[in-house]
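This report is intended for a reader meeting the structure for the first time. Please keep the sequence and the three-dimensional view at hand while reading.

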Amino acid sequence: IYRLFFDAKTYLLLMMTEIRTNEQNKSFEKKYFYSDYQEKDGLLAATKIVVESNGKVVEEREIKSLKINPTFKPNFFDVK
C-alpha cells in the first residue's frame, strides 16, 4: 500500500509511505521524504530523498542530474 502526501499550497510531494507484508505475514512501513526541490527543464523536482524504516534513516539520496523527457525509440516499452 502506498500513500502520498502533498503540500496543500504548492502541491509538491513531501512524503510517500509504503506498507508491505513479508512472507511471515508481518507488515512493515517505509517512509520516503522528498525535499530540496529545484527547477529542472521547467519542472520542479526533489533533489533529496531520505528513506526511513522503523523510524531510522536507512538511506539518503541526492539527485545531481536529471533528464526530463528524454527521447525514446518507438519500441522502448515493447514487452520482450
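## The pairing of β3 and β4

In this predicted model, strand β3 is joined to strand β4, which covers residues 43-53, by 10 bridges. The two strands run antiparallel. One position at which they face each other is E39, which stands opposite L44 in β4.

The hairpin of β3 and β4 has two residues between the strands. Within this hairpin, D41 takes a positive phi near 50 degrees. Most residues other than glycine have a negative phi. A positive value is also found inside strand β3 itself, where D36 is located: the phi of D36 is near 50 degrees, although D36 is not a glycine. D36 counts as partly exposed because its relative accessibility is 46%.

## The sheet as a whole

Strands β3 and β4 belong to an open sheet of five strands, arranged in the order β1-β2-β3-β4-β5 with antiparallel pairing. The edges of the sheet are formed by β1, residues 2-6, and β5, residues 56-62, each of which pairs on one side only. From one strand to the next, the twist averages 20 degrees.

Strands of a sheet pair through backbone hydrogen bonds, in either a parallel or an antiparallel sense. In a regular strand, the side chains alternate between the two faces of the sheet.

## The pairing of β2 and β3

Strand β2 spans residues 13-21 and strand β3 spans residues 27-40. Seven bridges join these two strands, which run antiparallel. T17 lies in strand β2 and stands opposite K31 in β3.

Is T17 buried or exposed? With a relative accessibility of 3%, T17 counts as buried, because that value falls under the 20% limit. When neighbours within four places in sequence are left aside, the contacts of T17 are I1, Y2, R3, F5, E29, K30 and K31. K31, the residue opposite T17 in β3, is therefore also one of its contacts under the 4.5 Å limit for heavy atoms.

## The pairing of β4 and β5

Six bridges link β4 and β5, and the pairing is antiparallel. Here E52 stands opposite V57 in β5. The hairpin of these strands has two residues between them.

Which residue of this hairpin takes a positive phi? N54 does, with a value near 55 degrees. N54 is placed in the loop between β4 and β5 and is a residue other than glycine. N54 counts as exposed because its relative accessibility of 67% is over the 50% limit.

S53, by contrast, is placed in strand β4 and counts as buried, at 15% relative accessibility. Apart from neighbours within four places in sequence, S53 is in contact with E29, K30 and V58. E29 and K30 are also among the contacts of T17.

## Salt bridges

How many salt bridges does the structure hold? There are two. One joins R20 to E18, with the closest N and O atoms 2.5 Å apart. The partners in this pair differ in their exposure: R20 is partly exposed, with a relative accessible area of 44%, whereas E18 counts as buried at 5% relative accessibility.

The other salt bridge is formed by the side chains of E59 and R61, at 2.6 Å from N to O. In this pair, E59 counts as partly exposed at 33% relative accessibility, and R61 is partly exposed with a relative accessible area of 38%.

## The aromatic pair

A search of the whole structure finds one aromatic pair. This pair is made by F76 and F77, whose ring centres are 4.9 Å apart. The angle between the planes is 85 degrees, so the arrangement is edge-to-face, a class that begins over 60 degrees.

The two residues fall into separate exposure classes. F76 counts as partly exposed, at 48% relative accessibility, while F77 is exposed, with a relative accessible area of 64%.

Key
Residues numbered from 1 in each chain as written. Predicted model: local features only at pLDDT ≥ 70, side-chain atom pairs only at ≥ 80, totals over all residues. Heavy atoms only, no water. Salt bridge = Lys/Arg side-chain N within 4 Å of Asp/Glu carboxyl O. Buried < 20%, exposed > 50% of the residue type's maximum accessible area, 1.4 Å probe, protein only. Phe/Tyr/Trp six-rings, centres within 6.5 Å; stacked < 30°, edge-to-face > 60°. Pairing = 2+ DSSP bridges. Helix = DSSP H or I, 4+ residues; strand = E, 2+ residues; numbered from the N terminus. Axes fitted to C-alpha atoms, helices over the stretch in contact; angles between N-to-C directions.
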